[in-house]
Structures are given as structure tokens and as C-alpha cells.
Amino acid sequence: MEVIGNDWDEKLNTIWTSDGFKKFMEIVKIKYKENTCFPEYNNIFNALKLTPYSKVKVVILGQDPYHGTGEAHGLSFSVQDGIKKPPSLKNIFKELKEDLNIDEPESGNLTQWAQEGVLLLNSVLTVEKDKAASHKDLGWHLFTDHIIKLLNEKETPVVFILWGSFARSKKVYITNKKHFIIESTHPSPFSAASGFFGSKPFSKTNNYLINAGMNPINWDLKKVQQ
């Protein structure tokens, strides 16, 4: 059954064809009909569409989508072009500058990271407009926890970047010794100074990938690789 259009469909086929998931998606559709929800319905699975299972080298785990108009487009921490960068994303770019001396890009759109092999996965994939965490109890976590478990089974090393207590709670699913976990406090203004700043997640990720014989991530959103 084709939902994503890449190798995730094979990995998730038992999910796509299950009665439980079909019923769940009907509930999601009703939520979208009753209220304005984000991201746009066609972008709910954007992270999986942009980063095939076989290409995943890094996972940056978020909690739920931004709930402001025009912000979320299915990638954790990312906003669409032309949208003001949220505070957490500003702090991510600040740490990127300190870590790798990469200047903050004009846009907060992280699509290029996704295309580099960085799965920008939120645990909850939808949200109601202006109501943070409004869909946290729908059941999305069952689906996204399964994705983390599937990534744990990968033969090639994956770097899991876990920012904040919620993301760090998913460590229980990452048991494969091939993988590497980077964790710190959340980049939110409330906690960034308590361990996120100075944690050097970007250089640590690339050093691990290089040592594993893999190509590093090009974190510079202004430089499009040829």
C-alpha cells in the first residue's frame, strides 16, 4: 500500500493496512474538518516523504507541530519560508553558529536537512490551531514510537538527537549499540542555557558519522550541495 511513496511504505505496510490505523486516520480527518489544524493534511507525513528509511542517518525528535498559522509543514522544529523563526529554532541556529561557525540562514525551513538524511520527526504529527499539544492524546505516539523502533533495527548507524525530557524519554526504544544518542536540555528559551548551549550536537553528529565511514551532514542551509 502506497502512502509515503518510498521505502517507508514497505516498512509500515502492516500499519497502513490495519483496521486500527484506518480508524485512527478517520478520527484525524474529522479533527481537520471540525477545526483548523496544522500542518496541512497533505503534509502530515512530510518527514517520512523527505527522508526515506534507507537514507536516515540522523533523527531530531520533536514533540508536536507549531500551532501558529503557516508555521508547521511536517518537520520537527522547521517552519515554512517567509515565517518568523520561533525562539527554539533561533536557539538551534545560535548553537549551530557556536558549534560549526555556520551563520543563521534567512529561512527557518529545514527541508535541506531532511534531504541530507536528517529525519525531523515529531512524536505527535498534528495540532489544532493556537492550541499547543491539543492532539497529544489522539494516539500519534503509538505510530511514531513504532518508527523509532524500526530505526533502532537499522544495520547502519543512526545518530538520535534528543532535546528535552520528552525526547529523552524515547531512549528506551534505542537499544542497538550501533547507534549514537546525543541528548541535552531543550533549545527553548526556558532551558537552552541549562545544557543545550555548548552541547555541540552538530559537530558530534558529524564526527560520529565520519568515524562510522559515512558522509557527514551538510548543516549549512545556505549551501546547496551540487
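Author: A quick definition to start with: a pocket is an open set of grid points with protein on both sides within 12 Å along at least five of seven lines, and a residue lines it when one of its atoms is within 4 Å of a point. Keep in mind that this is a predicted model.

Reader: Fine. Which residues line the second largest pocket?

Author: Met-1, Val-3, Trp-16, Phe-21, Lys-22, Met-25, Glu-26, Lys-29, Tyr-41, Asn-42, Phe-45 and Lys-49 do. They surround a volume of about 250 Å³. Helix α3 (residues 19–34) supplies the largest share of that lining, with 5 residues.

Reader: What makes up the lining of the second largest pocket by class?

Author: There are 7 nonpolar, 1 polar and 4 charged residues. Tyr counts as nonpolar in this scheme, so Tyr-41 goes with that group. Asn isn't on the nonpolar or charged list, so Asn-42 is polar.

Reader: Over to Ser-88. How do you know whether Ser-88 counts as buried or exposed?

Author: Look at the relative accessibility, which is 12%. Buried means under 20%, so Ser-88 counts as buried. Ser-88 sits in helix α5 (residues 87–100). Leaving out residues up to four places away in sequence, Ser-88 touches Phe-77, His-186, Pro-187, Ser-188 and Pro-189.

Reader: And what does α5 pack at an angle with?

Author: Helix α9 (residues 201–211) is the partner: the angle is about 60°, and the axes are 7 Å apart.

Reader: Why is α5 called oblique to α9?

Author: Set that angle against the cut-offs: under 35 degrees would be roughly parallel, and roughly perpendicular runs from 65 to 115. About 60° falls in neither range, so α5 is oblique to α9.

Reader: Which residues make the contact?

Author: From α5 it's Ile-92, Glu-95, Leu-96, Asp-99 and Leu-100, and from α9 it's Pro-201, Phe-202 and Ser-203. Sorted by class, that's 5 nonpolar, 1 polar and 2 charged residues. Glu and Asp count as charged, so Glu-95 and Asp-99 belong in that class.

Reader: Back to pockets. How much space lies in the largest pocket?

Author: About 580 Å³. Its lining has 33 residues, and the closest to the centre are Asp-64, Pro-65, Tyr-66, Phe-77 and His-186. Phe-77 and His-186 also touch Ser-88.

Reader: Which elements give two or more residues to the lining of the largest pocket?

Author: β2 (58–62), α5 and α8 (164–168). α8 gives the most, with 4 residues. By class, the lining has 16 nonpolar, 13 polar and 4 charged residues.

Definitions and conventions: Residues are numbered from 1 along each chain as its sequence is written. This is a predicted model: local features need pLDDT of at least 70, side-chain atom pairs count only at pLDDT 80 or more; totals for chains, interfaces and linings use all residues. Side-chain values use heavy atoms; hydrogens and water are left out. Buried means under 20% relative accessible area, exposed over 50%, partly exposed in between (1.4 Å probe, protein chains only). Contact means heavy atoms within 4.5 Å. Axes are lines fitted to C-alpha atoms, for helices over the stretch in contact, and angles run from 0 to 180 degrees between N-to-C directions. Angles under 35 degrees count as roughly parallel, over 145 as roughly antiparallel, 65 to 115 as roughly perpendicular and the rest as oblique. On a 1 Å grid over the protein atoms alone, a cavity is a set of points where a 1.4 Å probe fits but cannot get out, and a pocket is an open set with protein on both sides within 12 Å along at least five of seven lines; lining residues have an atom within 4 Å of a point. Grid points are joined across faces, edges and corners, and a volume is the space filled by probe spheres set on the points.
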